[in-house]
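Thanks for coming. I will go through one structure today, chain by chain, so please look at the sequence and the model as I talk.

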Amino acid sequence: MMGLEGQRSGPGGVAVTALAVAILVFLIAPVVIIVIVSFSGADYLTFPPPYLSLRWYQRFLGTPSWRQAIGVSTQVALLTMVFATTLGLLAALALVRGRFRAKGAIYAVLLSPMIVPTIITAIGLYFFFVRLKATGSILAMALGHTVLALPVVVIIMAAALQGFDMRLEQAALSLGASRLTALRRITLPLILPGLLSAALFAFLTSFDELLIPLFLSGVEVQTLTVRIWNSLILEVDPTIAAVSSFLIGVTTVVLGASAFLRGRGETTTT
Amino acid sequence: MVAVRDVSLTIAPGSFFTLLGPSGSGKTTTLMMVAGFAYPTRGEVFVDGKPMAALPPQKRDLGMVFQSYAVFPHLTVFDNVAFPLQIRKTSRLEILHRVGAALELVRLTGYEQRLPRQLSGGEQQRVALARALVFRPRVLLMDEPLGALDKKLRTHMQLELKHIQQHLHVTVIYVTHDQEEALTMSDCVAVMQGGGIEQVGPPAELYDRPASRFVADFLGESNFLDAVAVSANGEGRWRCRAAGGLEFYGVGAVPIEAGQPITAAVRPEKLVQAEDAGAAALGPGANTCKGLVEEAIYVGDATRYRVGLGADGTVTIKVPNRVGARPPATGAAVVLAWSPEDTRLFPRVAA
Amino acid sequence: MRSMEGRETRRHLLLLLPALLVLALLFAYPLLGIVNRSVYKAGYTLQFYRQIFRIPVYLQVLAATFKVSAVVTIVCLVLGYPLAYVLATRRPRTAQLLMIIVVLPFFTSIIVRTYAWMVLLGRNGIVNQYLMALGFTDKPLPLLYNQAGVVIGMSYVLLPYMVLTVYSVMRGIDPGLVRAAHSLGASRMQAFGRVFLPLSLPGIAGGTLLVFILSLGFFITPALMGGPGDMMIAMLIEREVEITLNWSFASALAVVLLALTLIGFAGYNRIVRLERIFEGRG
């Protein structure tokens, strides 16, 4: 709907717009406040902070257990990214190009981890890995996160592939390229923005996840989110504000990169 | 649902062969079967005597040009044209040489470093053509390549394509729905409809001696008169009587029986006014009829007239706008003459 | 040849195999394991399900879960609908930019968002600091570790789901219809109430159902922001697995939650399909 029409086509006008603005503020304020408060120099988290300091970030990056948690989260997320993107790309290729009847059902199966409440998926994985005595393993957590990230990757890749003109691949084949060469030299370069976007979201899904590593963590091997959870149970330590800002920063970078890639994608395809 | 049925074609090497038909006629499907992108349920494809059944498209060594050009948007013009040579592991020097020659052939020398999005539709089409030809395939497949171009450019490209084909002696299988295009460029045309072939032959044969009413209607223009075959005249000729009593002679496109309802097809340009000089050349055996000019339509190089023949029907005639011509006036009575050779008879099809 | 077509289909199914195998092993199999565990302890039994539905404590947990989910859904609807409406009536470019404000929290980790509200709502939290400084209250308000905190926190996390769902439906409403209503003499209120609102109904239904279903399974926010009496079913599951080690009972709870979720999504699916019919007529 055009902005011009907006004024005529709804009740309230100014009041409704003010309400919407208030709700937008409600949505973004907590995130912004946490980031600002994380730079607070005071012992308590007051807003606005009396003076700025990096002390909580120093605590965050200075404590070995927090640093280790960053390492664990990053490793798990990178593994998840590789697993989920590979599996998801292959699956999306089959779903978009294939011609078989079970397509709808298979699509539903691939998306099912999104529907099942994460707590259930988490305890299922816990029972599974406990039997293999594999709790506390980075690989186990990565595999668990892959299950969660797979639907996201499939959705993004399927959309990217649907926007890809199959006739370009047919042209490559008609010119003598093998299927693999056509995929490598023609398809992949053109869907690269979508592929990178999917990879980034897989990374983010894993980095943000708490429930699965909550059950699968070991004493030594904790993700950043689990460490936050454990700290919160004990006390509301201002260091957590710095950790939270860090996580918000990661999210922002991923979203920004993804938007940038989407812009690039639109210029390279005719 | 059958897309193509009972299609059997032999295409001579070095010829320009066109599959012509309306959409849904199966012409693109047939082409795709040759290319390897569609699989025949029954039957086989042979190129140079070799069966293609077991070969996927990438191994068939056929050049292909698509209607959407399918030029790779992320590669330069040079890289696009060099692509098939790189696949075939041609040496860099050879690639440079051949790409240059191909671009020269399509008159795009100097465009090497441009990207497809910087090119016009016609230029992209030429890149696609150069790319399909650079590896010297024996056969070039083209699926309505000029469809997206405007009329003037299309006419120009038709001639260019024909010249290139003759120059390279490459066999071309060309798919189009534009009958003018087919007539201009082809050595041989197969007219398709509803998945089957209506007629195969050189353009002149298809135009002058259409084998079915569909071909007579699809290629060029035809006047149709409903009549009944009265008596045979030897060698496939028949004396016919139209609904209003008009009698004329024609040649049957297929065997006809006496008393059979038929439709006669005559091309507008074959109908001349009886007073014209050309009418005398038709000889004593010419058909004649009387009519009334109902409407004149000016089309620039000629004027078309709709002439009512009373109960026998209506015909359109074409009179070139030349100096000294005596065009009939609207409402005037005219006498038209035409040759029985130009009158094709088909069994009448229920409307 | 048919064989080529068959080969192609086989190749595509092969591409699907890795993903399906991973899901079978790490998702489907564990789920079956849970179902199995819920009915097996030295023989097949329904005792754990009886436990859930007979013992009042557990019924209370279910009731609390439903109640909180319902309240959260209503809050999200009340806040989300006007926001979606304003966004949908802006130009696409403006809406896209404003949407960032919705999307950024959406992709931020739930624990971070929950922590933010803990900081805001605590006894010495920022909200109370301001309320007392501005004189609205003498003592700090208990906004945390009770149902109020849980509702606020969960509404915050789930609001984007409502906004995005309703927004996408509203975007599909033909502005010409409202214009037509005006041209027929309807006031702004009437045009909204009789034309726009009914057409946005599928979005309301879809968003409501989605938020409700997601609320049922929530763990992190109620666990951190709730009080001792605010246990929800996901929290109960976690406690039975980690603390009291009643894995079979926990599995039964999980199956119940899963069943509720699946029923909810089945209903959601029907509404989403109904939406397509609406769009066809609009």
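I will start with the ground rules, then take chain C, chain A, their contact, and finally chain B.

This is a predicted model, in which local features need pLDDT of at least 70 and side-chain atom pairs count only at pLDDT 80 or more, while totals for chains, interfaces and linings use all residues. Residues are numbered from 1 along each chain as its sequence is written, and chains are lettered from A and ligands numbered from 1 in the order in which they are written.

Chain C, then. It contains 13 helices and zero strands. Helices here are DSSP runs of H or I with at least four residues, strands are runs of E with at least two, and both are numbered from the N terminus. Along the box axes, which are the principal axes, the C-alpha atoms of chain C fill roughly 85 × 75 × 35 Å.

Why is chain C described as more spread out than a compact globule? Its radius of gyration is 24 Å, and the globule rule gives 19 Å for 282 residues, so chain C is well over that value. The radius is taken over C-alpha atoms, and the rule is 2.2 Å times the number of residues to the power 0.38.

Of the 282 residues in chain C, 45% are buried. Buried means that 20 or more other C-beta atoms lie within 10 Å of the residue's own; exposed means 12 or fewer, partly exposed is in between, and the C-beta atoms are placed from the backbone. As for contacts, two residues are in contact if their C-beta atoms, placed from the backbone, lie within 7 Å. Taking the contacts in chain C with a separation of 6 or more, 75% are between residues 24 or more positions apart.

Now chain A. It has 12 helices and zero strands. Its C-alpha atoms fill a box of roughly 70 × 65 × 30 Å along the principal axes. Buried residues are 47% of the 270 in chain A. For contacts in chain A between residues at least 6 apart, 73% join residues at least 24 apart.

How many residues does each chain bring to the contact between chain C and chain A? Chain C brings 73 residues and chain A brings 74 residues. On the side of chain C, helix α1 (residues 2-39) gives the most, with 15 residues. That side of chain C divides into 54 nonpolar, 13 polar and six charged residues. Nonpolar covers Ala, Val, Leu, Ile, Met, Phe, Trp, Tyr, Cys and Pro; charged covers Asp, Glu, Lys and Arg; the others, Gly among them, are polar.

Last, chain B. An open sheet of six strands runs in the order β4-β5-β6-β1-β7-β8 (chain B), with mixed pairing. Strands pair if DSSP finds at least two bridges between them. The edges are β4 (63-65) and β8 (196-201) of chain B, each with a single partner strand, so one side of each has no neighbour in the sheet. From one strand to the next, the twist averages 15°.

β4(B) pairs with strand β5 (residues 139-143) of chain B in the parallel sense, over three bridges. In that pair, V65(B) stands opposite M142(B). Helix α4 (residues 121-133) of chain B packs on the sheet and touches β4 and β5 of chain B, its direction making about 170° with that of β4(B). Axes are lines fitted to C-alpha atoms, for helices over the stretch in contact, and angles run from 0 to 180 degrees between N-to-C directions.
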